[in-house]
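Me: Please take a close look at the ligand site in this model. Then work outward to the loops and the cysteines.

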Amino acid sequence: MTFSSPEPVPSSSAVAARLETVRRRIVAACRASGRAAGAVTLIAVSKTQPPEAIEAALAAGQRIFGENRVQEAQGRWAGRRDHLPDLELRLIGPLQSNKAADAVALFDVIETLDRPKLADALAAAGARAGKPVRVLVQVNTGAEPQKAGVPPAGVAALIDHARSAGLMVEGLMCIPPAEEAPGPHFALLRKLARRHGLETLSMGMSGDFETAVRFGATHVRVGSSLFGERKGPETPSSD
Ligand SMILES: *Cc1c(COP(=O)(O)O)cnc(C)c1O
């Protein structure tokens, strides 16, 4: 990965304009594939972003955000939640079982369920908190050894396990291999979701969200197209 020299934080009007552009592109992709304009939800990926960028997105009406680290997200959002009743926070990064309670407390949806032990930890945390736990199962569609997610062949068993534990399994999520065309991965995720009667498909990022919309995404996760390139190192988080 390469790091560009420090970029200025995009101005509030720049973030608003980028949001508008991405929303338009989503609507155009919906139209082009015969889907209703409101069929796709934009998740603004706010990881690593400074407060000004968050404020600009909120001022522009964005309310659904994705974060990939529990502690970082707590710092960014815990103080804002009370003033934003319609805020929706979605965890899109890997989660350790020992952070399950924190994740359940902060997030509305956890998109990265990928193993039975984590399902058990989330269910226990939800029971203690008296909060239903909404999850997506993350699928490693490219069967990449270093990447999180359950392999396609393990999806059925993990869904069963999660449902038996009491989790609300709403759908599937994937991150296709960076060096491959994403279409076949999106198609596989859609096929798996249909097979299990799941509605939600979280797929597509800045570089490929229009393709994802064509393949049936209900949620796209967009970061750099809204906020500019991220500056910090993006370690795959372990929290
Ligand atoms: C960072 C991240 C995104 C957003 O990526 P961009 O290319 O900046 O849009 C989407 N999904 C996940 C899981 C991520 O970690």
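Reply: What follows starts at the ligand and moves out through several loops to the two cysteines.

The model is predicted. Keep that in mind for every distance below.

**The ligand shell.** Which residues surround the ligand? They are Val 45, Lys 47, Ile 92, Met 173, Ile 175, Met 205, Ser 206, Arg 221, Val 222, Gly 223, Ser 224 and Arg 230. By class, this shell divides into six nonpolar, three polar and three charged residues.

Three polar approaches to ligand oxygen atoms stand on record here. A side-chain N or O atom of Lys 47 is 2.7 Å from an oxygen atom of the ligand. Gly 223 uses its backbone: an N or O atom there lies 2.8 Å from a ligand oxygen. Ser 224 also uses a backbone N or O atom, at 2.8 Å from an oxygen atom of the ligand. On its own, the ligand has 380 Å² of accessible area, and the protein covers 89% of that.

**Ser 206, a shell residue.** Ser 206 is among the residues around the ligand. Its place is the loop between β7 (200-202) and α8. Is Ser 206 buried or exposed? It counts as buried, because its relative accessibility is 17%, under the 20% limit. The side chain of Ser 206 reaches across to Ser 225, where the backbone nitrogen is 3.0 Å away. Beyond four places in sequence, Ser 206 is in contact with Arg 25, Arg 221, Val 222, Gly 223, Ser 224 and Ser 225. Of these contacts, Arg 221, Val 222, Gly 223 and Ser 224 also belong to the ligand shell.

**Thr 218, in the loop before β8.** Thr 218 sits between α8 (209-214) and β8 (219-222). At 16% relative accessibility, Thr 218 is buried. Its side chain has two polar partners to note. One is the backbone nitrogen of Leu 201, 2.9 Å from a polar atom of the Thr 218 side chain. The other is the side chain of His 219, joined to that of Thr 218 by a polar contact of 2.9 Å. Leaving aside neighbours within four places in sequence, Thr 218 is in contact with Arg 35, Ala 39, Val 40, Thr 41, Glu 199, Thr 200 and Leu 201.

**Ser 33, after α1.** The loop between α1 (12-32) and β1 (41-45) holds Ser 33. Ser 33 is partly exposed, with a relative accessibility of 27%. A polar atom of its side chain lies 2.8 Å from the backbone oxygen of Ala 29. Ser 33 also touches Val 213 and Arg 214, with residues up to four places away in sequence not counted. Glu 210 is 177 residues from Ser 33 in sequence, yet the two C-alpha atoms are 9.9 Å apart.

**Two positive phi angles.** Most residues other than glycine have a negative phi. Thr 48 has a phi near 70 degrees, a positive value in a non-glycine residue. Thr 48 lies in the loop between β1 and α2 (51-59). Its relative accessible area is 34%, so Thr 48 is partly exposed. Ala 143 also has a positive phi, of about 50 degrees, and is not a glycine. The loop between β5 (134-139) and α6 (155-165) holds Ala 143. Ala 143 counts as exposed, at 56% relative accessibility.

**Leu 87, before β3.** Leu 87 lies in the loop between α3 (70-77) and β3 (88-91). Leu 87 is buried, with a relative accessible area of 4%. Not counting residues up to four places away in sequence, it touches Leu 58, Arg 63, Phe 65, Trp 77, Arg 81 and Asp 108. One of these, Leu 58, is 29 residues away along the chain, with 9.4 Å between the C-alpha atoms.

**The cysteines.** How many disulfides does the structure hold? Zero. Cys 30 is in no disulfide, and the nearest cysteine sulfur, in Cys 174, is 17 Å away. Why is Cys 174 unpaired? The closest cysteine sulfur, in Cys 30, is too far for a bond at 17 Å, because a disulfide needs the two sulfur atoms within 2.5 Å. Cys 30 is buried, with a relative accessible area of 0%. Cys 174 is buried as well, at 0% relative accessibility.

Technical notes: Residues numbered from 1 in each chain as written. Predicted model: local features only at pLDDT ≥ 70, side-chain atom pairs only at ≥ 80, totals over all residues. Heavy atoms only, no water. Buried < 20%, exposed > 50% of the residue type's maximum accessible area, 1.4 Å probe, protein only. Helix = DSSP H or I, 4+ residues; strand = E, 2+ residues; numbered from the N terminus. Polar contact = N/O pair within 3.5 Å; in protein donor to acceptor, adjacent residues only side chain to side chain. Contact = heavy atoms within 4.5 Å. Near = heavy atom within 4 Å. Areas by Shrake-Rupley, 256 points an atom, 1.4 Å probe, with all protein chains shown as cover. Nonpolar A, V, L, I, M, F, W, Y, C, P; charged D, E, K, R; others polar.
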